[in-house]
Amino acid sequence: MNNPPEKRKYERYDTELKLYFDLAFDVETKVKYQLLDKDHKKTISRKYPALSKNVSAEGLSFVAAQSLKKGDYLNLEIYLPKATQPVRMEGEVCWSKNVAQGKQSADVFQTGVLLKKVNGRPVQETIHFDKEYNVN
């Protein structure tokens, strides 16, 4: 059986990068708050760890323990090798599926994200063609 051709504008690259994400909210929060554990002793991070599976100029997919819904808006921090600061991105969930169903381990979800912003700039402004490596 033949697979349908890809509709992507940019090539996808398999790569495993550490990242963290949290859900962005439509309403800007003006109050600082902390989530505490049940004993009220330790701060609970609201950032979730994940590992990228592949990336392109406009999107990425990652695996994490959290199930996300299509349309969820995420803040992402991507950690590139040898970088001192993460690349901050914003994106919208296009799909999320359980890839560990039926296994005895905890649920693992793979999620695809369409990137909207990179370091605060619209993603289209950040895409450049590298002539030396012939990649976007």
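# A tour of aromatic pairs and two buried residues

A search of the whole structure finds 3 aromatic pairs. The structure on display is a predicted model. A pair of aromatic rings is described by the distance of the centres and the angle of the planes.

**First stop: Tyr20 and Tyr79.** Please select Tyr20 and Tyr79, which form an edge-to-face aromatic pair. The ring centres are 5.9 Å apart, and the planes are at 85 degrees to each other. Tyr20 belongs to strand 2 (residues 18–23) and Tyr79 to strand 7 (residues 73–79), so the pair ties together parts that are 59 residues apart in sequence. Are these two residues buried or partly exposed? Tyr20 has a relative accessible area of 27% and is therefore partly exposed. Tyr79 is likewise counted as partly exposed, because its relative accessibility is 29%.

**Second stop: Lys18.** Keep Tyr79 selected and add Lys18. Lys18 lies over the face of Tyr79, at 5.2 Å from the ring centre.

**Third stop: Phe21 and Tyr48.** Next, select Phe21 and Tyr48, an aromatic pair classed as tilted. Here the distance is 5.4 Å centre to centre, with 40 degrees between the planes. This pair also links distant parts of the chain: Phe21 is in strand 2, whereas Tyr48 is in strand 5 (residues 48–55), 27 residues apart. Phe21 has a relative accessibility of 1% and so counts as buried. Tyr48, at 31%, counts as partly exposed. Now add Phe62 to the selection: Phe21, Tyr48 and Phe62 form one aromatic cluster.

**Fourth stop: Ser61.** Move on to Ser61, which is found in strand 6 (residues 59–64). Why does Ser61 count as buried? Its relative accessibility is 4%, and a residue is called buried when this value is under 20%. Which side chain makes a polar contact with the side chain of Ser61? Select Gln110 to see the partner, at 3.3 Å. To view the surroundings of Ser61, leave aside residues up to four places away in sequence; those that Ser61 touches are then Ser52, Lys53, Asn54, Trp95, Gln110, Thr111 and Gly112.

**Last stop: Ile127.** Finally, select Ile127, in the segment after helix 1 (123–126). Ile127 is buried, since its relative accessible area is 16%. Add Ala57 to the view and compare the C-alpha atoms of the two residues. Ile127 and Ala57 are 70 residues apart along the chain, and their C-alpha atoms are separated by 6.3 Å.

Notes:
Residues are numbered from 1 along each chain as its sequence is written. This is a predicted model: local features need pLDDT of at least 70, side-chain atom pairs count only at pLDDT 80 or more; totals for chains, interfaces and linings use all residues. Side-chain values use heavy atoms; hydrogens and water are left out. Helices (H or I, at least four residues) and strands (E, at least two) are DSSP runs, numbered from the N terminus. Buried means under 20% relative accessible area, exposed over 50%, partly exposed in between (1.4 Å probe, protein chains only). A polar contact is a pair of N or O atoms within 3.5 Å; within protein, one must be able to donate a hydrogen and the other to accept it, and residues adjacent in sequence count only if both atoms are side-chain atoms. Contact means heavy atoms within 4.5 Å. Rings of Phe, Tyr and Trp (its six-membered ring) pair if their centres lie within 6.5 Å; planes under 30 degrees apart count as stacked, over 60 as edge-to-face and the rest as tilted. A charge sits over a ring if NZ of Lys or CZ of Arg is within 6 Å of the ring centre and within 35 degrees of the ring normal.
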